[in-house]
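Here are some short exercises on how helices pack. Try each task yourself before you read the solution.

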Amino acid sequence: MAYTKYGDFIRIQRVKNHEVMGDLAKVLDASLPFMSAVENGKKNVPDDWINKIIDHYNLSNDESTELIIAVEESRTQVKINLSNANLIQREVAIQFQRSFEKMDDETANKIKKLLEGK
């Protein structure tokens, strides 16, 4: 079974702290099926979990950064707030969404460099 970076990170923390998924589920006020879906990449990590995990495991700054990166890299969906976007920004966001699944790596790298200002 393939796990996300978040799933790998959190399992290591549980093992280091002699916990099972149910122990962390109680801390996060989550069900075991939802916890499993998050670790396996079927659901996004809820935003309010990050600080709870940092506090629960007393993570160092480096570990906290690693957790945040793992959460970001494990996202299955992202939302874009278009409420303050102008017409062209809306059109670009919608076109990007429509084209995303068909995009090849070369095009993705070009867009990434453009957005990074390179």
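**Exercise 1.** In this predicted model, find which residues of α4 meet which residues of α5, and then sort them by class.

*Solution.* Begin on the α4 side, where I50, I53 and I54 make the contact. Next, look across to α5: their partners there are S64, L67, I68 and V71. Now sort these residues: 6 are nonpolar, 1 is polar and none is charged.

**Exercise 2.** How are α4 and α5 oriented relative to each other?

*Solution.* Two packed helices are described by the angle between their axes and the distance between the axes. Helix α4 covers residues 47-56 and helix α5 covers residues 61-73. Their packing angle is about 150°, and the axes lie 11 Å apart. Angles over 145 degrees count as roughly antiparallel, so that is the description for α4 and α5. As a last step, check the handedness: α4 passes α5 in a right-handed crossing.

**Exercise 3.** Now describe how α1 packs with α5.

*Solution.* Take the geometry to start with: the angle is about 140°, with the axes 7 Å apart. That makes α1 oblique to α5. Then list the residues in contact: α1 contributes K5, Y6, F9, Q13 and K16, while α5 contributes E63, E66, L67, A70, V71 and E73. By class, this contact holds 5 nonpolar, 1 polar and 5 charged residues.

**Exercise 4.** Does the end-to-end distance of α1 agree or disagree with the span expected for a helix?

*Solution.* Helix α1 runs over residues 5-16, which gives 12 residues. The expected span is 1.5 Å times one less than the number of residues, so α1 should span 16 Å. The C-alpha atoms at its ends are 17 Å apart, which agrees. Just after α1, H18 takes a positive phi of about 55°.

**Exercise 5.** Which residues of α1 are buried, and which helices do they pack against?

*Solution.* The buried residues are Y6, G7, F9, I10, R11, Q13 and R14. Follow them outward and you reach α2 (21-28), α3 (32-39), α4 and α5.

**Exercise 6.** Is R14 buried or exposed, and what does R14 touch?

*Solution.* First, place R14: it lies in helix α1. Its relative accessibility is 7%, and buried means under 20%, so R14 counts as buried. Leaving out residues up to four places away in sequence, R14 touches E19, V20, M21, L24, E39 and Y57. Finally, take Y57: it is 43 residues from R14 along the chain, yet their C-alpha atoms are separated by 8.7 Å.

Technical notes:
Residues numbered from 1 in each chain as written. Predicted model: local features only at pLDDT ≥ 70, side-chain atom pairs only at ≥ 80, totals over all residues. Heavy atoms only, no water. Axes fitted to C-alpha atoms, helices over the stretch in contact; angles between N-to-C directions. Helix = DSSP H or I, 4+ residues; strand = E, 2+ residues; numbered from the N terminus. Parallel < 35°, antiparallel > 145°, perpendicular 65-115°, else oblique. Left-handed = near helix turned anticlockwise from the far one by under 90°. Contact = heavy atoms within 4.5 Å. Nonpolar A, V, L, I, M, F, W, Y, C, P; charged D, E, K, R; others polar. Buried < 20%, exposed > 50% of the residue type's maximum accessible area, 1.4 Å probe, protein only.
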